[in-house]
Amino acid sequence: MTFRHFTALGERIDRLNTAIGRAASWCALAIVLLGFAVVLLRYVLGAGSIWLQESILYAHAALFLLAAAWTLKEGGHVRVDVFYASAAPRTKAWIDLLGALFLLLPFTLAIAWFSLPYVERSWANLERSRETSGLPLVFLLKTLIPAFALLLALQGVAQIIRALALLSPLPAKRGKGREE
Amino acid sequence: MPLPELLAILMVVAVCGLLFAGYPVALTLGGVSLAFAALGHIAGAMDLGLLYALPQRIFGVMTNTVLLAIPLFIFMGVMLERSRIAEDLLETMGRLFGSLPGGLGISVVLVGVLLAAAKGVVGATVVTIALITLPTMLRHGYDKRLAAGTVAATATLAQILPPATVLVLLGDQLNNSFQAAQLAKGIFAPESVSVSDLFAGALVPGLTLVGLYLLFLVAVAILRPAAVPPIPPDPAAPRGLALAAQVAKAMLAPALLICVVLGSILIGLATPTEAAAVGAVGAILLAALRIEGAARWPALLCVAGFLALIALRVTMPQWFLVVLMLAVAGALSFAVHQVWRAGYLTPTVSKTTQMTSMIFAILIGATLFSLVFRGLGGDDMVHRALANLPGGAAGAILAVMLAMFLLGFVMDAFEIIFVVIPIVAPPLLAMPGVDPIWLGIMMAVNLQTSYMHPPLGPTLFFLRGVAPPEITTRHIYVGIIPFVLVQLFALVVLWFVPGLATWLPRMLYGGA
């Protein structure tokens, strides 16, 4: 494997998370429209629909969990940028490299690790909503937790690759590292 | 000091220190907490198995219906911004008041209030308001310091004017703490404090602040008119009736939208989440109405149908209501399609998603932090420390306020709410005579002040980032001082007159 394979891997991760994030972002519209539907049903017909309300929660969870990695790629997670904003590109690359290695990866992998038994239990009996008329898909909802962690971990790998590419003394093989 | 508590303190120090490196806050919080959990495990100070509670906590966040209001309010704000409703608003307001000295500044505050109410996220609000208003103010010869100060202060108001995102999160966290405090006292049918309570509680203090800002601008206009010159009237601009019509057009709809959303929450008709959904749909319709060359009937039909549904829901037969609802749904789909084709929708959902994801990532990081902090016995330590402060409840609250004020320099309001409140609020709320709504509003105003306080207030950095080059850091720092003084004054008043925060919720919802 050469360095170019690494940068290609980074770009592939970027593309994957962008696609997932863009798709998840339409959950925002779903939340708005379904939320409006709930209001109409409740105030006009006096009817409540548990599966409708649960589907809003599902959309919301999918929105913020699946899009977290894309948000990282797009630089959407807030930083305390008192120093970071004015730092040189190399300094920023070092911060991202060390941060991804020692903060992001352990954190996300720990979430994945500690949530596995939790999700496994849910899959074992294909857990459904506690409400009889609710959605029978709680095991999928819970699966979003390790999915969130693993996608974010992947994006961390991409961040590491990009930082290394920028710090690398081999200018020719730098690839198209996108800046956040 | 026992080792676990030492670790708990070191963890706080490490988080604050590492945050300055500039790695994303959510991940710094989570990563550092995990490292200290591991350290604690090795040192025998806590059991790493505690972390198996983490997925359950995250799942609690995922299924929390109160927090659903967050993406909805953000969607509404971003949609209003993307469809340039805010810019129009400022332009018309400027025409209305611009011919008076200080008039433009007053318009900035008023538009900022409307915008802030729709947005509730400080960083975004500063950027929007600064980009729209600073160039205009400078072009017309406004004092640079005053212009910068007005923008920074107005935008920071976004944090406490309902329906601010911060208030939603604050309400949710305070309620958890309030219930915990009562359970600990042996009250097994605990009272609760809702997001609506906080919205109502924030209204009077928030509007008081707006009033004080305006008073300050009027005072400047009288004492130093050269700092806030009037704008020469534009001969091409409409005046008289035409101007009135334009003002009505630009202002009425967004103002009505915000009034409907806030009003329905305040009178207890709708939950914040429901009102936010209506507000987000309203923002889509407003955007659809502004698209040039697009048909107006879908949005108008949707509004008319919605109003008819609300008005006729008791008198008309059910089949009629269902047909009308289908018509509204059809018209709304059409309007959504128009907004999508005009290019407003895709950026709005993207931005909404990223901001929501950012907030909830911090919440997840903070959840791990609280878990580890509690595992290390940090909770008990804080409880003891607060209980042993001189001055009882007042002393404890003062200490917490000071700590939050200082933390405001380092962390976003979100992080402070997620990290600090679960730790300090239960003991504070267990003390006699501490009203949860008052405490929440004090915290909100306090954080808001810290946000714009030199030299580290984050608003000032946001402003620095987007301000034109002729505005120096010095201009910003000096310009913000009068507004910070107003804030501190308001905090003192709020301390001695808790009724400012508690009167309205008590009027509206009764209770203690």
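**View 1. L126(A) is a loop residue with a positive phi.** In this predicted model, L126(A) is partly exposed, with a relative accessible area of 47% (buried means under 20%, exposed over 50% and partly exposed in between, with a 1.4 Å probe and protein chains only). Its phi is near 40°, a positive value in a residue other than glycine. For background, most residues other than glycine have a negative phi. L126(A) sits in the loop that links helix 5 (89-124) to helix 6 (138-167) of chain A; helices are DSSP runs of H or I with at least four residues, numbered from the N terminus.

**View 2. Chain A meets chain B.** Here 60 residues of chain A are in contact with 73 residues of chain B, contact meaning heavy atoms within 4.5 Å. The two chains bury about 5,800 Å² between them, 80% of it on carbon and sulfur atoms; this is the accessible area (1.4 Å probe) lost when the two parts are put together, summed over both. Look for the one salt bridge across the interface: E274(B) pairs with R42(A), the closest N and O atoms being 2.5 Å apart. The rule asks for a side-chain nitrogen of Lys or Arg within 4 Å of a carboxyl oxygen of Asp or Glu. Among the elements that give two or more residues to the side of chain A that touches chain B are helix 1 (3-45) and helix 2 (50-66), and helix 1 of chain A brings the largest share, 16 residues.

**View 3. One side of helix 22 of chain B holds its buried residues.** In this helix (residues 499-509), A501(B), T502(B), L504(B) and P505(B) are buried. They lie on the same side because they cover an arc of only 160° around the axis, taken from the directions from the helix axis to the C-beta atoms. Their cover includes helix 10 (195-223), helix 19 (436-451) and helix 21 (473-496) of chain B. After the helix comes G510(B), with a positive phi near 65°.

**View 4. C302(B) is a buried cysteine without a sulfur partner.** At 1% relative accessibility, C302(B) counts as buried. Its sulfur is 20 Å from the closest cysteine sulfur, in C259(B), too far for a bond. Over all chains the count is zero disulfides, a disulfide being a pair of cysteine sulfur atoms within 2.5 Å.

**Notes.** Residues are numbered from 1 along each chain as its sequence is written, and chains are lettered from A and ligands numbered from 1 in the order in which they are written. Local features need pLDDT of at least 70 and side-chain atom pairs pLDDT 80 or more, while totals for chains, interfaces and linings use all residues, and side-chain values use heavy atoms, leaving out hydrogens and water.
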